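Thanks for coming, everyone. I'll put the structure up now, and then we can walk through some of its insides together.

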Amino acid sequence: MISHKPITRFETAAACAALLAMAATPVARAAGPVVLPLMSVTATKTPRAVFETPASVSVVDAQEIEWVNPADYVELLQAVPGVAIQGGSRRIAETPVIRGFSDEQVVIRTDGARRNFNQAHRGRFPVDPELVKRVEVLRGPGSGLYGSGALGGVVDITTKSALDYLDADGAGANVGLGYRSNGGETSGIVTGYGRQGSFDVLGSAVLRDRSEDLEDGDGEDIFATEDEVDSFFGKIGFRPSHAQRLEIVVDDYANNGINPPNTNEAAGPGDTLVDRDTERRSFRLNWSDERPDSDAVDLDAVFYVNEATVRESRLDDPRLDETTYDT
């Protein structure tokens, strides 16, 4: 990951307006070329000027995420052009669609690690939005950089660390409570973080309980959309030098709900329902070495283990379906 500060869509618009205003005056034209800020994107893996990036890329940064305060990925990515989320009524089924491509044609990465789990009618997003620092979306083929499966694009998720809360040594905690009238959802979030010398640590727990079915725009209930989300996230960072950083990340995301077998479609009271438990766990070891005084060393490596388990028990007969997926 390149360390240049990314720019948001708002900053891009402001930069364009400033550029036009400067070009309208003789003084500005005589002052020399205007240099736009660099944007950092994993889509190209190199910093480029905004209008020279040879790919269709959108960035949802920390400020936008804070403004939206998303409870799911439908809300988190709703403003990204060319991107839709299937199964949005049920968080347990959320999957990305980029320009009509979906499933194994879209790669999802978390802190550089691929999240390959993909089964019909089961969600793919592995981290609660509360823990997300930044999302980059590459629209269009990216298999040349990210391997098989990126025919439609890439969703690259960066999670938070203690460095996002602390500029110097110290410790702190955030506690949040929330309520949403649609679905009667209550939420609780506890995050603790600390920093001392070269070490930093962050731990977070999130609980979301939707106790009622959601209502659509006509005020009608969307059948079988109740669910519960439990998420734990921990990250330890160590920086032996200014150019090097080691991160150890553990996350556990669990979702439980009474849903129809095909969670992407509407369902009625007469349909078969299943009690679906989904759990996704991940361990990641990230090592970066970006030395500004050397053009020969620019390392970004990740070792990861992903586990996913889905259990579905039918309510009207004793059938049980269990799927495990390990990477």
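Strand 15 (274–290) and strand 16 (298–314) each give at least two residues to the lining of the second largest cavity. Within that lining, strand 16 has the largest share, with three residues. When I say strand, I mean a DSSP run of E with at least two residues; helices are runs of H or I with at least four, and both are numbered from the N terminus. This is a predicted model, so local features need pLDDT of at least 70 and side-chain atom pairs count only at pLDDT 80 or more, while totals for chains, interfaces and linings use all residues. Residues are numbered from 1 along each chain as its sequence is written, and side-chain values use heavy atoms, with hydrogens and water left out.

Okay, back to that cavity. Its volume is about 90 Å³. Both cavities and pockets come from a 1 Å grid over the protein atoms alone: a cavity is a set of points where a 1.4 Å probe fits but cannot get out, and a pocket is an open set with protein on both sides within 12 Å along at least five of seven lines. Lining residues have an atom within 4 Å of a point. Points are joined across faces, edges and corners, and the volume is the space filled by probe spheres set on them.

Who lines the second largest cavity? Among them are Arg 115, Phe 117, Arg 280, Arg 281, Glu 307 and Tyr 325. By class, the lining splits into four nonpolar, three polar and five charged residues. For the classes, Ala, Val, Leu, Ile, Met, Phe, Trp, Tyr, Cys and Pro are nonpolar, Asp, Glu, Lys and Arg are charged, and the others, Gly among them, are polar.

Keep an eye on Phe 117 and Tyr 325, please. The structure holds four aromatic pairs, and these two residues form an edge-to-face one, because their ring centres are 5.9 Å apart and the planes sit at 85°. The rule here is that rings of Phe, Tyr and Trp (its six-membered ring) pair if their centres lie within 6.5 Å; planes under 30 degrees apart are stacked, over 60 edge-to-face, and the rest tilted. Phe 117 is in the loop between strand 7 (113–114) and strand 8, and Tyr 325 is in strand 17 (residues 320–326), so the pair ties together parts 208 residues apart in sequence. Phe 117 is buried at 8% relative accessibility, whereas Tyr 325, at 34%, is partly exposed. Buried means under 20% relative accessible area, exposed means over 50%, and partly exposed is in between (1.4 Å probe, protein chains only).

Another pair is Tyr 165 with Tyr 193: centres 4.4 Å apart, planes at 10°, so that one is stacked. Tyr 165 is in the loop between strand 9 (153–159) and strand 10, and Tyr 193 is in strand 11, 28 residues away. Buried or partly exposed: which is Tyr 165? Tyr 165 is partly exposed at 27%, while Tyr 193 is buried at 12%.

Tyr 165 also takes us to the second largest pocket, with about 470 Å³ of space. It has 18 lining residues, and those closest to its centre are Ala 62, Glu 66, Glu 130, Lys 160 and Tyr 165. Helix 3 (62–68) is one of the elements giving two or more residues to this lining, and helix 3 gives the most, four residues. The class split in the pocket is eight nonpolar, five polar and five charged.

Now the cavities again. The whole structure has three of 30 Å³ or more, and the largest has a volume of about 120 Å³. Its lining has 18 residues, with Arg 91, Glu 94, Phe 125, Tyr 253 and Asn 255 nearest the centre. That lining has eight nonpolar, three polar and seven charged residues.

Phe 125 turns up in the largest nonpolar core too, as one of the members that touch the most others, along with Tyr 73, Leu 77, Val 135, Val 155 and Ile 157. This core has 27 residues. A core here is a set of buried Ala, Val, Leu, Ile, Met, Phe, Trp, Tyr and Cys residues joined through side-chain atoms within 4.5 Å. Strand 8 supplies the largest share of this core, three residues.

Last stop: the open sheet of five strands, in the order 3-8-9-6-7 with mixed pairing. Strands pair if DSSP finds at least two bridges between them. Strand 3 (56–60) and strand 7 are the edges, each pairing on one side only.
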